[in-house]
Amino acid sequence: QVQVVESGGGVVESGGSLRLSCTASTTISKTNVMGWYRQPPEYPREKVASITNTGYTDYGNFARGRFTISRDNAKNTVYLQMNNLKSDDTATYYCYLRIITEIGQPTYWGQGAQVTVSS
């Protein structure tokens, strides 16, 4: 069973920066996507950013220009650099790994990392 573990959450002042990390427990040889969703209090989960194993990236509208996703395939790790954080960015951030196969796309989720932005 693949496990995905996040780290790097915390409390930061408005305008500050944080970097989240997410590591998969095993090397994935198949095409895959790693990324982040977030869930603010009392709101549905929304996509933050994703990156394929070949480096193609995609961002939620709110993340463009402030957040940067990157990955190190040798370390099975994806990073989310968040700059100019706002109080609206307060949420639990969930990392995921989706493996693309001919018969399906199993997705593995992390336990969540809390990010709190104080105004």
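Where is the place of Asn84 in this structure? Asn84 sits in the loop between E8 and E9, where E marks a strand, a DSSP run of at least two residues, numbered from the N terminus. Let's use that spot as a way in.

This is a predicted model, so to speak: local features need pLDDT of at least 70, side-chain atom pairs count only at pLDDT 80 or more, and totals for chains, interfaces and linings use all residues. Residues are numbered from 1 along each chain as its sequence is written, and side-chain values use heavy atoms, with hydrogens and water left out.

## Two loop residues

Back to Asn84: it has a positive phi of about 50° although it is not a glycine. At 42% relative accessibility, Asn84 counts as partly exposed. For these words, buried is under 20% relative accessible area, exposed is over 50%, and partly exposed is in between (1.4 Å probe, protein chains only). Glu42 is another residue other than glycine with a positive phi, near 65°. You'll find Glu42 in the loop between E4 and E5, and with a relative accessible area of 85% it is exposed.

## A sheet and its neighbours

Now for the strands. Two strands pair if DSSP finds at least two bridges between them. One open sheet has four strands in the order E1-E3-E8-E7, with antiparallel pairing. Strand E1 (4–7) and E7 stand at the edges with a single partner strand each, so one side of each has no neighbour in the sheet. On average, neighbouring strands of this sheet are turned by 15° against each other, direction ignored. Those angles come from axes, which are lines fitted to C-alpha atoms (for helices over the stretch in contact), and angles run from 0 to 180 degrees between N-to-C directions. E1 and E3 run antiparallel and are joined by four bridges; Val4 stands opposite Ala24 in E3.

Then look at strand E11 (residues 113–118). Its covered face has Ala113, Val115 and Val117, while Gln114, Thr116 and Ser118 make up the uncovered one. E11 pairs with strand E2 (residues 10–13) in the parallel sense over four bridges, and Val11 has Thr116 as its bridge partner in E11. With strand E9 (residues 91–99), E11 pairs in the antiparallel sense over three bridges. Here Thr92 stands opposite Gln114 in E11.

## The disulfide and the core

How many disulfides does the structure hold? It holds one, counting a pair of cysteine sulfur atoms within 2.5 Å as a disulfide. Cys22 and Cys95 form it, with their sulfur atoms 1.9 Å apart. This pair links distant parts of the chain, 73 residues apart: Cys22 is in strand E3 (residues 18–24) and Cys95 in strand E9. The torsion about the S-S bond of Cys22 and Cys95 is about -85°, so the disulfide is left-handed. Both Cys22 and Cys95 are buried.

A nonpolar core is a set of buried Ala, Val, Leu, Ile, Met, Phe, Trp, Tyr and Cys residues joined through side-chain atoms within 4.5 Å. The largest one here has 29 residues, and Trp36, Leu80, Met82, Tyr93 and Leu97 have the most contacts inside it. Elements giving two or more residues to this core include E3, strand E8 (77–82) and E11. The largest share, five residues, comes from E9.

## Rings around Trp109

Rings of Phe, Tyr and Trp (its six-membered ring) pair if their centres lie within 6.5 Å; planes under 30 degrees apart count as stacked, over 60 as edge-to-face and the rest as tilted. By this rule the count is four aromatic pairs, including the two in the table.

| Pair | Centre to centre | Between the planes | Type |
|---|---|---|---|
| Tyr37 and Trp109 | 5.7 Å | 65° | edge-to-face |
| Tyr96 and Trp109 | 5.3 Å | 40° | tilted |

Tyr37 is in strand E4 and Trp109 in strand E10 (residues 107–109), so their pair ties together parts 72 residues apart in sequence. Tyr96 lies in strand E9, so the pair with Trp109 in strand E10 ties together parts 13 residues apart in sequence. Tyr37, Tyr96 and Trp109 form one aromatic cluster. Tyr96 is buried at 2% relative accessibility, whereas Trp109 is partly exposed at 36%.

Trp109 has a charged visitor as well: the charged end of Arg45 sits over its ring, 4.9 Å from the centre. A charge sits over a ring if NZ of Lys or CZ of Arg is within 6 Å of the ring centre and within 35 degrees of the ring normal. Likewise, Arg38 lies over the face of Phe62, at 3.7 Å from the ring centre.
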